[in-house]
Structures are given as structure tokens and as C-alpha cells.
Amino acid sequence: MNFPSLSNAKKRTDKKVEEKKVCYDFPNFFQNKKYFLRTYGCQMNVHDSEEIKKYLELLGFVETKELEESDLVVLNTCAIRENAHDKVFGYLGRCKHLKREKPELLIAIGGCMSQEDSVVEEIKTKHPYVDIVFGTHNISELPRLLLEHQKKEQEIEVYSIEGDVYEGIKYQRDSKITAWVNIMYGCDKFCTYCIVPYTRGKERSRKLENIVFEVQELKKQGYKEVTLLGQNVNAYGRDLQLGYDFKDLLERVAETKIERIRFVTSHPWNFTDEMIDVIAKYENIMPYIHLPLQSGSDSILKLMGRRYTKKEYIELFQKIKKRIPNVSITTDIIVGFPNETENDFLETLDVVNTCQFDSAFTFIYSPREGTPASLIKDTITLEEKEKRLQRLNEFVNRYSLKANQALEGKIVPVLVLGENEKDKTRVYGYTDTMKLVNINKGADCIGQIVSVKITEAKSFSLDGEMIESGECV
Ligand code: 5AD
Ligand code: SF4
């Protein structure tokens, strides 16, 4: 099979990954100018935006939430499905309009879409008013690109896939309670539908001691929770060949005694028994696992390149449920992979009925240029795919509600994150099992783990009351 036009795929080589320090030696040149940053996509992008914000603030920019007020717009983009593309180009239309009224406005585009040749081409030819295009591998170059930018010329600087691992990155974190911590970048799995291995490059793990140090620092600053981030956390450490893997990292992070540890995303293929044992052993590793299924049909799983069968997935699921008390497991499912038959789809429903996930993100397959699956001629109509998605969602929502209802009347630990935006008399937070709870009163407990009695279950959230009003545990 020929792999079409993602040049980054061709550029993947065995070049040794280097560890580099980020340089913060740049002037505060844009003092009091305003930036507007819009983030699309996954947690990795959200965390990248925290890095971008820090550079912008060190350059002197201050954040505005109003596009119309801004002197610089940064779009941190996502490429995972076609609709993500459409959203970005739609929004770019608004920015173009604004730039007509305000010609000095700077527009920068970063993130996964920038790593696609076809997108860069489209920006060059159809969107010449975009000032800067930067990629996922050179976020730390953004200050230089902004400083060097000569207003009239478009500047495109996107590195190929051989990104290095940067240490000492500073972040403008969105929360003072929970923090994202990158443990690795990229993905080597090459699921046939997925663009991530092309836009994010090969797997590059950060050294264990650097991650542990970052968590210790966060703990000192008062953070209660860290979420370890990677496209595929179970593969952590393999590229380093230093004799440690994800279970060792989890243990070392647990020993920092930070109160809550989460991790996303797990891949069923690399999930070892030892990892399950470590998750079960430490109280501060939360009993919550996001374990993408994608499909329940063995033939589709094979075409997807997922490296497990329906039976193996269910066995792993049941093993995790058995060994980790009270664990909640969520998943991702794609319907309408090319030529998925009704029977294939029924296999997926069968896994959903067997596993009864706490919740699931469900998607219609979206062909991504440059991926092997995009070359498969598809005979299933979009209408049929939409119907399957609807049928799937009915089951998924039923089980979410059931899992939530099982908590009614129970007392659960909740880390309170902030005020409920719609109702300021309430606060919200997450249980250890990652369920959203809206709590009556309790503003004093923001940033604390409190005991909450669940009073009502809904499909996507819980209502609860602080056991003794205002008391933090
Ligand atoms: N089409 C639809 N969904 C996709 N995902 C990844 N690539 C595609 C695609 N081409 C989904 C997978 C993955 C989640 C982050 O996005 O379910 O786990
Ligand atoms: Fe994409 Fe598969 Fe890697 Fe997940 S594991 S990022 S779905 S290639």
C-alpha cells in the first residue's frame, strides 16, 4: 500500500531524540498587548496551550477572552477528525474579517493541523493573512517567531516528526488544584485510522526523575492532583531503554504522596498485570482507567491495527475490574470504519453490553488524509453510520446512568474544583472515579477533598451534599 501525502510520515527516521532545555531569554517586547488563545482537541493540546500562554505572558502579552479586543490570535488546532478541521477554518474566517478592520492584528496557527502538509498548503494559498504557522514540535520557538515576524510575510515554521524532548518548560496553568504532566510525546502504534503518529511524531518519553521532580514541585505549590499525559501511557519508558516502564513511574509518582494521580490514555495492548497491581496498591492512584475499545469486531480491530481481539479486551477489562476495587472504566468507540457490517457493529454493542462502561466517547469514523484506512473504499453510507452512532449512544447513556445511579445514597470523596458557573450557590468537583458532582454550598472547600453524599444521579453528572456542611476531610 502506498502512503500518500503526509510528508512527516516519510520524515520519520531513527534519529536519536535529544533532551533540550527551553530558553527563556527573550524580551518583554509586546508589553500590554492582548492575546486571544483558542484551543481545540485533547488534553495534550490543552496542556500545550498552557505552555503557549506562558511564552506569551513572558513576552508581555496579557490574555483577553474577547477575540475583538486582541492584538494576537493563536489557534491551537486539532486534526483528529474532519470536523475539527472545519471548525478551525470556520473560525479563521472570523479572524480574517477582524484583520480587515484591524490590519495590525497578528494571527498564529499551531497544533496538530499545522503538521499536515495539505493544511500548510491551504494556508499558504488561501489564507495569506495568517502571519505565523508553527507545529507541535517547536512550540518553544513561538517567542522567536513572533519577535522576528516581518509583518507582511507569512512565516511558516513546522518541524518534521523528529521532535526532541524539552525539559524545564514553564506553564501558565489554568488551575491551581489539578495539573497536567506530560510523561511522553508521540505515538508508535499507527492505528490505521489515526493521524496522531504523523502529527505528534514517534514515542519519546521524559526521564523518570524529571517527571517525579515536576510532581514534587507541583505538590509543594499546593496542587492536589496530577494527570500524567501521553497518547499511550502504557508504552512509557520503552524508547529510553533505561530499565523502567510505566509501572515504575506510577510507583515513584505515588511515593511523592501527592493526593491524587490520574493518567490518560491507556492502550489495551500494553497494559500489564504489574501495572494493574501498582494501580490497585496505591491509594493515591485513582481507580479510573480510560481504555479505548474502538470496535468490538475482530475483523475491524485487525483492519484498525489495534493488536487485540474482542476476547482479549474483555478479559483485560474483567481483570482490571476484579483487581482494582471500585474502579471505573471509560472508553472510546468508533462506528462506521470503512465497510463495517451490521454484524461488526453488533459485536461492538455486545462489548458495550458486557462491559457496561461508566461512560464512552463515541465517534463516526472520519477519513484522515495520509492514513492507511483513508485508502479503503467504503460502501457504508453516512446515514447508516449516523444511525449506528445513535443506537450505540442509547446503550452507552443507559450504562452511564446505571453506573451513576449505583452511587445514589453513597458517600464519596470529591476534589472540589470551583463554583458551578450557572449556579453560584453550588460548587463542582470530581470523585476518585472521575465522576462530575455538583454540590450544594461548600465554596470554602474549593481545592479540598470532601465527603459528599450523592443525592441524585443523572446520565452525565451527580448531585450531592457535603456530609457536614463546609466540612473538609
Ligand atoms: N475518526 C474517528 N475517530 C477517531 N479517533 C481517532 N482517529 C479517528 C478518526 N479518524 C478517535 C479514537 C481515539 C479518540 C481520541 O479519537 O476513538 O481514541
Ligand atoms: Fe492514534 Fe492508535 Fe496512537 Fe491512540 S494508539 S494515538 S488511536 S495511533
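1. Residue V212 lies in helix α7, which spans residues 208-220. The model under discussion is a predicted one. V212 is buried, since its relative accessibility is 4%. With neighbours up to four places away in sequence set aside, V212 is in contact with R252, V253 and T256. A far larger separation applies to D378: this residue is 166 positions from V212 along the chain, and the two C-alpha atoms are 46 Å apart.

2. On domain organisation, the assignment for this protein divides it into domain 1 (19-157), domain 2 (165-405) and domain 3 (411-470). The centres of domain 2 and domain 3, computed over C-alpha atoms, lie 26 Å from each other. In the contact between these two domains, domain 2 contributes 19 residues and domain 3 contributes 21 residues.

3. The next point concerns nonpolar packing. In soluble globular proteins, nonpolar side chains tend to be buried together. Here, the largest nonpolar core comprises 57 residues. Within this core, the residues with the most contacts are L228, F246 and I320. For I320, the contacts beyond four places in sequence are with F271, I276, I289, L291, V327 and I329.

4. The cysteines merit a separate comment. How many disulfides does the model contain? The count is 0. A disulfide requires two cysteine sulfur atoms within 2.5 Å. The sulfur of C78 has its closest cysteine sulfur in C112, at 6.3 Å, and is therefore too far away for a bond. The sulfur of C95 has its closest cysteine sulfur in C78, at 17 Å, so this pair is likewise too far apart for a bond. As to exposure, C78 is buried, with a relative accessible area of 10%. C95 is also buried, and its relative accessible area is 0%.

5. Finally, the surroundings of ligand 2 should be noted. Which residues surround ligand 2? The shell consists of C187, K189, F190, C191, Y193, C194, V196, P197, H267 and R306. Sorted by class, this shell around ligand 2 holds 7 nonpolar residues, 1 polar residue and 2 charged residues. The cysteines C187, C191 and C194 are among the residues surrounding ligand 2.

Note on methods
Residues numbered from 1 in each chain as written. Chains lettered and ligands numbered in written order. Predicted model: local features only at pLDDT ≥ 70, side-chain atom pairs only at ≥ 80, totals over all residues. Heavy atoms only, no water. Core = buried A, V, L, I, M, F, W, Y, C linked by side-chain atoms within 4.5 Å. Buried < 20%, exposed > 50% of the residue type's maximum accessible area, 1.4 Å probe, protein only. Contact = heavy atoms within 4.5 Å. Near = heavy atom within 4 Å. Nonpolar A, V, L, I, M, F, W, Y, C, P; charged D, E, K, R; others polar. Helix = DSSP H or I, 4+ residues; strand = E, 2+ residues; numbered from the N terminus. Domains from an automatic or database assignment.
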